[in-house]
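Dear colleague,

I am passing on the structure below, together with some notes on what turned up when I went through it. Please read the notes with the coordinates open beside you.

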Amino acid sequence: MTYRIAGLDPAQFAPLWTLPDGALAREGACRVIADSDRGYPCRVSLEDVRKGEKLLLIHHVHHDVPGPYRSAFAIFVREHGERAVY
């Protein structure tokens, strides 16, 4: 069996970067500056960001189905992340 791992499409997050903080908060997101080289895994590039990089912390629904298997969680997205594909 072959597996392919890919980061999330950065285009879906691009409009969020232009929002003011209040509008971003209404979307369930906030701006973050990484204060360490570890602990901020970007779900687009699939890498930890570097200290000082800009990120968005977003509530992301990743399995949007009706029923008990619907799932969402908080993710980090770096400002200029390129989509990783392995």
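The side chain of Arg78 makes a polar contact of 3.5 Å with the side chain of Glu47, and a second polar contact, of 2.6 Å, joins the side chain of Arg78 to that of Ser45. Please keep in mind throughout that this is a predicted model, and that these distances are therefore computed from predicted coordinates. Arg78 belongs to strand S3, which covers residues 71-78, and with a relative accessibility of 11% Arg78 counts as buried, because the cut-off for that class is under 20%. Leaving out residues up to four places away in sequence, Arg78 touches Trp17, Cys42, Ser45, Glu47, Asp48, Val49, Arg50, Glu53, Lys54 and Leu55, so that both of its polar partners, Ser45 and Glu47, also appear in this list.

A second arginine, Arg31, sits in strand S1, residues 29-33, and is partly exposed, at 36% relative accessible area. The side chains of Arg31 and Asp21 are joined by a polar contact of 2.7 Å, while the C-alpha atoms of these two residues, which are 10 residues apart along the chain, are separated by 7.6 Å. Beyond the residues up to four places away in sequence, Arg31 touches Leu16, Trp17, Leu19, Pro20, Asp21, Leu24, Leu55 and Leu56. Trp17 and Leu55, which are among these contacts of Arg31, are also among the residues that Arg78 touches.

Strand S3 comes up again with the aromatic residues, for which a search of the whole structure finds one pair. This pair consists of Tyr40 and Phe76, whose ring centres lie 5.1 Å apart and whose planes stand at 65°, so the arrangement is edge-to-face. The pair links distant parts of the chain, since Tyr40 is in the loop between S1 and strand S2 (54-63) and Phe76 is in strand S3, 36 residues apart. Tyr40 is buried, with a relative accessible area of 13%, and Phe76 likewise counts as buried, at 16% relative accessibility.

Which residues does His60, in strand S2, contact once its neighbours within four places in sequence are left aside? They are Leu8, Gln12, Phe13, Ser71, Ala72, Phe73 and Ile75, and His60 itself counts as buried, with a relative accessibility of 10%.

Turning to the surface, Ile5, Leu46 and Tyr86 form a nonpolar patch there, with about 310 Å² of accessible area together. Ile5 is placed in the segment before helix H1 (21-26), and at 51% relative accessibility Ile5 counts as exposed. Leu46, by contrast, counts as partly exposed, at 30% relative accessibility, and is found in the loop between S1 and S2, the loop that also holds Tyr40. You may want to look at the backbone of Leu46 as well, where phi is positive, at about 60°, although Leu46 is not a glycine.

With best wishes

Definitions and conventions:
Residues numbered from 1 in each chain as written. Predicted model: local features only at pLDDT ≥ 70, side-chain atom pairs only at ≥ 80, totals over all residues. Heavy atoms only, no water. Patch = residues over 30% accessible without salt bridge, like charges linked within 9 Å, V, L, I, M, F, W, Y side chains within 5 Å. Areas by Shrake-Rupley, 256 points an atom, 1.4 Å probe, with all protein chains shown as cover. Salt bridge = Lys/Arg side-chain N within 4 Å of Asp/Glu carboxyl O. Helix = DSSP H or I, 4+ residues; strand = E, 2+ residues; numbered from the N terminus. Buried < 20%, exposed > 50% of the residue type's maximum accessible area, 1.4 Å probe, protein only. Contact = heavy atoms within 4.5 Å. Polar contact = N/O pair within 3.5 Å; in protein donor to acceptor, adjacent residues only side chain to side chain. Phe/Tyr/Trp six-rings, centres within 6.5 Å; stacked < 30°, edge-to-face > 60°.
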